[in-house]
Amino acid sequence: MRTDTGQVINLADYQPTEFVLERVDLTFELDPTETKVEARLIFHRREGVDPKASLVLDGDELALSGLLFDQMETPAGQYTVTPESLTVRDLPASDPFELTITTIINPEANTKLMGLYRTGGIYCTQCEAEGFRRITYFPDRPDVLAPYTVNIIADKAANPLLLSNGNFLGGAGYGEGKHFAAWFDPHPKPSYLFALVAGDLGIIEDTFTTMSGREVALKIYVEHGKEPRAAYAMDALKRSMKWDEDVFGREYDLDIFMIVAVSDFNMGAMENKGLNVFNDKYVLADPETATDSDYANIEAIIAHEYFHNWTGNRITCRDWFQLCLKEGLTVYRDHEFSADQRSRPVKRIAEVRHLKSEQFPEDAGPLAHPVRPIKYREINNFYTTTVYEKGSEVTRMIATLLGKETFKKGMDIYFDRHDGQAVTIEDFVKSFEDASGRDLTQFSLWYHQAGTPLVTASGSYDPAAKTFSLSLEQMIPATPGQSDKKPMHIPLSLQLFADDGAAVAPASVEGAEYTGSVLHLTERTQTAVFHGVPTRPVVSINRSFSAPINLHFDQSPADLAQLARCETDHFARWQALTDLALPNLLKAARDAREGKTVASEPTFVDTLVIAAADEGLEPAFRAQALALPSEADIARELGGNNDPDAIHAGRQAVIKHLADAGRDTFVALYGSMTTPGAFSPDATSAGRRALRNAALTYLSYAEHSPARTKAAFDAANNMTDLLHALTILVHRFPDSAEAAEALSIFRDRFAENALVVDKWFSVQATIPGAGTLDRVLKLMENPLFKRTNPNRVRSLVGSFAFANPTGFGRADGEGYRFLAREILDIDRRNPQLAARILTSMRSWRSLEPVRQDHARLSLLEIERAAELSTDVRDIVERTLK
Ligand code: 0A1
Ligand code: ZN
């Protein structure tokens with residue numbers, strides 16, 4: 001392993017390449033341990049470049065076995081080669097010239113899963129961000145675009161399939177049991193979008209006719225025998241293709257679109273041109289083995305990767321600092337797609353929950369960085385929720401500021417102007433400035449300033465003047481490397497309501513721009529005066545979560561209860577219910593810590609139970625309302641000196657109050673929210689299951705017994721219900737015979753299905769309490785656990801560290817010490833995976849002093865290790881800073 005500390009790369013140092021790459025011809029002779037790669041690259045000098053300039057190519061753990069210049073042997077004195085670079089000097093003045101580079105690589109030994117590797121007996125590549133340089137020496141950066149021809153030669157029996165990007169040119173036998181296939185991708189692309197897959201896989205096929213009438217062949221490749229489980233992914237793909245035509249006017253551009261599902265993959269999926277490679281977790285689903293959230297994730301990720309064809313592939317990033325250009329925008333597009341396919345408010349609630357639980361802590365901790373960073377040491381560590389999810393929120397705010405039509409016009413300008421280019425965030429923003437005539441300079445601070453803005457609001461009503469004044473103040477917290485922040489442009493969707501719940505339209509508004517129900521907060525402090533307001537209004541601020549901010553607004557329980565009843569924006573209704581719940585949960589944590597009895601406010605309990613029973617609300621919404629803020633949410637709101645045990649105990653007590661108060665409602669819901677007939681993963685059925693299961697959870701508290709849940713487990717005919725029942729049994733009654741029996745039934749039934757085994761690991765890794773570490777240690781010895789498989793490691797070690805605050809954060813620090821040992825072990829094989837799991841320590845400074853000390857010592861233990869990847873070194877050093 002390399003133990004270099006990693007150079008810092010600065011955005012300010014960006015320079016275009018001196019040599020322009022015209023064409024790439026690759027020939028792979030595949031072999032599990034000795035694959036020969038021949039890369040023919042045609043270059044010319046960019047205008048004005050010094051004719052004596054040397055050509056420097058990137059490599060990573062490479063060995064050169066041949067170098068031809070214009071098909072002639074290159075004299076040894078003319079180049080310098082190391083595993084990390086190839087420099088060719090004294091290039092003749094003639095342009096263009098051709099370089100033929102031969103490397104020998106070992107896919108079987110590639111445990112980093114970057115470059116060309118083997119998974120389940122098949123060859124597969126992952127090149128984003130810098131994996132192509134592990135295949136051949138290359139100008140491996142996103143602003144080098146070229147058309148690729150790829151020839152693949154391999155043993156025919158073991159590898160009947162030979163796939164790469166673009167359109168299939170042809171294939172034939174190649175003697176001695178081998179065969180070859182040739183592919184051509186006419187769309188110039190950067191190397192990170194290169195892909196090759198070879199092996200023996202099953203297939204499901206379909207076609208899609210584009211809006212201009214071209215027929216595209218659709219193929220999804222999975223392990224033999226798993227074909228039926230790819231049907232939902234295929235359906236999601238066709239819906240994505242249609243949606244991108246209908247909503248963004250974007251059509252697919254090759255004859256064929258392929259998806260390959262593999263079982264060893266570092267991330268969710270990858271948008272390689274025409275040949276997406278997926279973690280099989282996000283392709284395979286059937287009612288027996290996949291939950292409703294698995295189905296929703298598959299739909300979203302299939303869409304996400306497909307949408308990249310335009311936002312990422314046709315228009316790509318100039319450099320990796322611009323990652324949010326493709327990721328933030330594409331997440332926004334997949335969010336909109338899911339909102340259109342499902343319930344928009346429920347989707348928005350789920351998005352905001354995710355943003356707050358993942359991105360807000362990142363933005364408030366040592367790993368905070370701007371959506372468009374200006375420096376990095378290891379780009380793999382910047383595939384973050386800030387770049388993805390906050391990046392999406394920034395795109396959403398542009399749509400809110402401009403309105404639907406103008407936003408669409410801006411997107412069209414962006415597509416027309418930059419098709420085939422590698423561009424920057426400035427180019428993206430300019431398209432919207434040109435579409436709207438609006439100056440987005442201040443708004444662009446969202447890309448450049450890290451930290452979640454805190455907006456403090458207070459209102460006062462003047463009955464004589466019939467005015468309502470809303471004072472707003474914004475504060476952007478200091479983040480690493482950024483202490484002074486400028487005020488941002490914060491679009492707050494806002495509505496006033498009268499006592500009877502009717503919306504109030506003010507006659508005029510002074511002190512702030514207020515158009516289309518959006519109030520524009522642009523100063524550090526600002527007071528908006530609403531004229532012509534007949535009675536004291538109830539105010540709803542940041543409806544639909546129009547801006548990714550923390551909002552402090554002291555509203556009475558009565559006002560919040562009114563919003564929870566009357567808001568027409570159902571996201572805001574959910575927000576009001578959450579705002580009612582939070583003070584109760586915070587107080588419960590404090591009381592539990594002081595050994596006091598926990599009590600819950602009646603307005604909160606009553607309002608929530610009434611919402612749960614409200615037939616006028618969709619079941620999925622009611623299920624979201626019943627899922628209280630998580631322990632991590634409570635910890636974040638408390639802000640510091642946190643004791644996970646007290647937070648857990650307090651929250652449990654509040655759940656018990658709700659369970660007792662709503663018992664009749666929950667019994668009724670459990671009886672009525674059934675989904676008769678054949679299983680369907682549609683959003684309405686999923687919503688009914690979610691509400692019924694939420695009722696079951698509360699009943700397990702009201703009834704103090706595993707009996708009803710065990711009966712639900714035995715009766716379940718789909719994975720959603722089965723896993724939910726298993727989770728209640730194992731989390732609520734961990735020592736019961738029912739839990740033990742359910743765990744072993746589940747394991748025996750699904751031992752052959754690795755993705756379901758992952759659920760079995762996760763459910764146990766997240767059992768609250770200090771005893772879980774021993775269980776995790778035992779599970780790591782289980783033959784079903786495979787240290788080399790990222791999904792297995794995430795399901796056990798990752799779930800424990802990210803989703804078990806009382807188990808991982810046990811007071812004696814054993815959880816942190818366990819993590820330190822695991823990180824060092826994982827890092828030897830797969831640095832990216834190790835670094836990702838280590839980010840579970842990002843909020844260690846908000847713990848109480850004893851746990852904080854334990855956490856710091858464990859981080860130091862990692863930092864002092866003799867061998868450390870750049871990935872882990874970067875995370876551990878920033879986390880400790
Ligand atoms: N571009 C992909 C995410 C991705 C990034 C890096 C990877 O390397 C292991 C893999 C995938 C996406 O946004 O889906
Ligand atoms: Zn993406």
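Good morning. I begin with a sheet in this predicted model: three strands form an open sheet, ordered S4-S8-S7, and their pairing is antiparallel. At the edges lie strand S4, residues 55-58, and strand S7, residues 79-82, each of which pairs on one side only. From one strand to the next, the twist averages 10°.

Let me turn to one of these pairings. Strand S8 covers residues 85-88 and runs antiparallel to S7, with four bridges joining the two. Within this pairing, Tyr 79 stands opposite Val 88 in S8. As general background, strands of a sheet pair through backbone hydrogen bonds, in either a parallel or an antiparallel manner.

My second topic is the metal site. Which protein residues act as donors to the zinc ion, ligand 2? They are His 304 through NE2, His 308 through NE2, and Glu 327 through OE, at 1.9 to 2.1 Å from the ion. Along the chain, the donors of this zinc ion follow the spacing H-x3-H-x18-E. Both histidines, His 304 and His 308, are buried.

Why is the arrangement around the zinc ion, ligand 2, described as tetrahedral? Four donor atoms surround the ion, and the angles they subtend are 97 to 128°. The criterion requires all angles to lie between 85 and 135 degrees, and therefore the arrangement counts as tetrahedral.

Finally, a word on confidence. The mean pLDDT of the chain is 98, with 99% of its residues reaching 70 or more. The model's ipTM is 0.99, and its pTM is 0.99. Thank you for your attention.

Definitions and conventions:
Residues numbered from 1 in each chain as written. Chains lettered and ligands numbered in written order. Predicted model: local features only at pLDDT ≥ 70, side-chain atom pairs only at ≥ 80, totals over all residues. Heavy atoms only, no water. Pairing = 2+ DSSP bridges. Axes fitted to C-alpha atoms, helices over the stretch in contact; angles between N-to-C directions. pLDDT = per-residue confidence, 0-100. Donors = N, O, S within 2.8 Å, 3.2 Å for Na, K, Ca; no water. Tetrahedral: all angles 85-135°; square planar, octahedral: opposite > 155°, others 65-115°. Buried < 20%, exposed > 50% of the residue type's maximum accessible area, 1.4 Å probe, protein only.
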